[in-house]
Amino acid sequence: MMQKIVIKMQPKCGKCRTKAMMAAAKALGVNSVELQGENKNQMVVIGDGVDAAALTCSVRKKVKNASLEMVEEM
């Protein structure tokens, strides 16, 4: 089952944003990662069988402020 996961984050710099994207891309089952929003503060992850809570925790380790906004079946 394909999922669309939206994680809202508040990165302090571009380097932190890059680290968070790399952490999300390494997660099991992730097909694509992209940034959206006016300040590029929402990460949209599309994948198959991704654990949304674990993904949010791994992003939170890199960015410090990250919260799970939405999980949607595609």
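**View 1. Gly47 within strand β3 of the predicted model.** In this predicted model, Gly47 takes its place in strand β3, the element that runs over residues 42-48. Gly47 has a relative accessible area of 1% and is therefore classed as buried, the limit for that class being under 20%. A C-alpha to C-alpha distance of 19 Å separates Gly47 from Ala66, and the two residues stand 19 positions apart in the sequence.

**View 2. Ile7 in strand β1 and its distance to Met43.** Ile7 belongs to strand β1, which covers residues 2-9. With a relative accessible area of 0%, Ile7 is buried. Although Ile7 and Met43 are 36 residues apart in sequence, their C-alpha atoms are 5.2 Å apart in space, and the stretch 42-48 that forms β3 includes the position of Met43.

**View 3. Arg17 and Ala23 along helix α1.** Helix α1, residues 14-25, contains Arg17 and also Ala23. Arg17 counts as partly exposed because its relative accessibility is 22%, whereas Ala23, at 15%, counts as buried; the boundary that divides these two classes lies at 20%. From Arg17 the C-alpha to C-alpha distance to Met43 is 9.4 Å, across a sequence separation of 26 residues. For Ala23 the partner shown is Leu55, which lies 32 residues away along the chain and 8.2 Å away between C-alpha atoms; helix α2, residues 52-63, spans the position of Leu55.

**View 4. A surface patch of positive charge formed by lysines.** Seen together here are Lys12, Lys15, Lys19, Lys26, Lys61, Lys62 and Lys64, which gather on the surface as a patch of positive charge. Helices α1 and α2 each contribute at least two residues to this positive patch. One of the patch members, Lys19, is found in helix α1 and is partly exposed, with a relative accessible area of 43%. Lys19 can therefore be counted in the patch, since its 43% satisfies the requirement of over 30% relative accessible area. Another member, Lys64, is placed in the loop between α2 and β4 and is exposed, with a relative accessible area of 58%.

**View 5. Positive phi values at Lys40 and Lys64.** Most residues other than glycine have a negative phi. Lys40, by contrast, has a positive phi, near 55°, and Lys64 likewise has a positive phi, near 80°. Lys40 sits in the loop that joins β2, residues 30-36, to β3, residues 42-48, while Lys64 sits in the loop that leads from α2 to β4, the latter being residues 66-73. The two lysines also fall into separate accessibility classes: Lys40 is partly exposed at a relative accessible area of 43%, and Lys64 is exposed at 58%, because the exposed class begins over 50%.

**View 6. The span annotated as an HMA domain.** An unreviewed UniProt entry lists residues 1-71 under the description "domain: HMA". In the predicted model, the end C-alpha atoms of this span, residues 1-71, lie 12 Å apart, and the span is made up of 34% helix and 39% strand. Among the residues of the earlier views that fall within the listed range of 1-71 are Ile7 of strand β1, Arg17 of helix α1 and Gly47 of strand β3.

How values were computed:
Residues numbered from 1 in each chain as written. Predicted model: local features only at pLDDT ≥ 70, side-chain atom pairs only at ≥ 80, totals over all residues. Heavy atoms only, no water. Patch = residues over 30% accessible without salt bridge, like charges linked within 9 Å, V, L, I, M, F, W, Y side chains within 5 Å. Areas by Shrake-Rupley, 256 points an atom, 1.4 Å probe, with all protein chains shown as cover. Salt bridge = Lys/Arg side-chain N within 4 Å of Asp/Glu carboxyl O. Lys, Arg positive; Asp, Glu negative; His and termini not counted. Charge placed at Lys NZ, Arg CZ, Asp CG, Glu CD. Helix = DSSP H or I, 4+ residues; strand = E, 2+ residues; numbered from the N terminus. Buried < 20%, exposed > 50% of the residue type's maximum accessible area, 1.4 Å probe, protein only. UniProt positions renumbered as here; feature names shortened; annotations may be inferred.
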